[in-house]
Amino acid sequence: RWVEKRNHYIKESPTAQAEAKRLQEKAAKRAAQGNYDKAFGILKRVLELEPSNYKARRDLAMVFMEKGKTEEAKNQLIEVLGVHPNDVWSLVVLALL
C-alpha cells in the first residue's frame with residue numbers, strides 16, 4: 001500500500017502500478033469522449049492505487065476544469081507541485097486559473 005508521509009510515498013506494488021496505468025488510460029479515453037463524470041471516478045481509483053501519480057492528479061485537475069470546478073482543479077495542481085515543484089505544465093495551468 002502507498003503511505004503518504006509529508007509528500008513522500010512508499011512505493012506501491014508493480015501490480016497496483018500496472019492497474020493504475022491501465023485505468024489512467026481508460027480515464028483519458030472517457031475524458032476525450034466528454035464523459036468527465038466517468039473519467040473522474042476512474043481517476044479517483046487511480047489515485048487510491050497510486051497516490052503519488054502526479055500525471056493522474058493533473059488529469060483530474062483538467063476534469064475539474066472541464067466541469068467548471070476551478071478551486072478543485074487548483075487544489076489538485078497544488079498537490080502536484082508539492083511533490084514536483086518544477087512541473088511546468090502544472091505551474092502554467094495554475095497561473096491561468
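## A tour from helix α3 outward

Begin by selecting helix α3, where Ala56, Arg57, Arg58, Leu60, Ala61, Val63 and Phe64 are buried; the model on the screen is a predicted one. With α3 still selected, compare its ends: the helix has 13 residues and reaches 18 Å from its first C-alpha to its last, close to the 18 Å expected at 1.5 Å a residue. At its N-terminal end, show the side chain of Asn53, which caps the helix with a side-chain oxygen 3.2 Å from the backbone nitrogen of Lys55. Then move past the other end to Gly68, which comes just after α3 and takes a positive phi of about 80 degrees.

Next, keep Phe64 from that selection and add Phe40. A search of the whole structure finds one aromatic pair, and Phe40 and Phe64 form it, edge-to-face, with 5.5 Å from centre to centre and 65 degrees between the planes. Phe40 lies in helix α2 (residues 36-49) and Phe64 in helix α3 (residues 54-66), so the pair ties together parts that are 24 residues apart in sequence. Colouring by accessibility separates the two rings: Phe64 is buried, with a relative accessible area of 9%, whereas Phe40 is partly exposed, with a relative accessible area of 27%. Add Lys67 to the view as well, since its charged end sits over the ring of Phe40, 5.6 Å from the centre of that ring.

From Phe64, step across to Gln76, which lies in helix α4 (residues 70-83). Is Gln76 buried or exposed? At 12% relative accessibility, Gln76 counts as buried, and a selection of what surrounds it, leaving aside the neighbours within four places in sequence, should show contacts with Leu47, Arg57, Leu60, Ala61 and Phe64.

Now select helix α1 (residues 14-32), whose 19 residues reach 27 Å from first C-alpha to last, close to the 27 Å expected at 1.5 Å a residue. Highlight Ala16, Ala20, Leu23, Gln24, Ala27 and Ala31, which are buried in α1, and turn the view to look down the helix axis: these buried residues fall within an arc of 115 degrees, so they line one face of the helix. That set of buried residues packs against α2 and α3. On the other side of α1, colour Pro14, Thr15, Lys21, Lys29 and Ala32, which are exposed. Just after the helix, Gly34 is worth labelling, as it takes a positive phi of about 85 degrees.

Within α1, centre the view on Leu23, which is buried with a relative accessible area of 9%. Leaving aside neighbours within four places in sequence, Leu23 is in contact with Ile42, Arg45, Val46 and Leu49. A distance label between the C-alpha atoms of Leu23 and Leu43 should read 7.4 Å, although these residues are 20 apart in sequence.

Finally, clear the selections and view the whole chain as a cartoon. The secondary structure comes to five helices and two strands, and from the N terminus on the elements run β-β-α-α-α-α-α. Colour once more by accessibility, and buried residues make up 35% of the 97 residues in the protein. In a contact map, residues 24 or more positions apart account for 38% of the contacts with a separation of 6 or more.

Notes: Residues numbered from 1 in each chain as written. Predicted model: local features only at pLDDT ≥ 70, side-chain atom pairs only at ≥ 80, totals over all residues. Heavy atoms only, no water. Phe/Tyr/Trp six-rings, centres within 6.5 Å; stacked < 30°, edge-to-face > 60°. Helix = DSSP H or I, 4+ residues; strand = E, 2+ residues; numbered from the N terminus. Buried < 20%, exposed > 50% of the residue type's maximum accessible area, 1.4 Å probe, protein only. Lys NZ or Arg CZ within 6 Å of the ring centre and 35° of its normal. Expected span 1.5 Å × (residues − 1). Arc of directions from axis to C-beta. Contact = heavy atoms within 4.5 Å. Polar contact = N/O pair within 3.5 Å; in protein donor to acceptor, adjacent residues only side chain to side chain.
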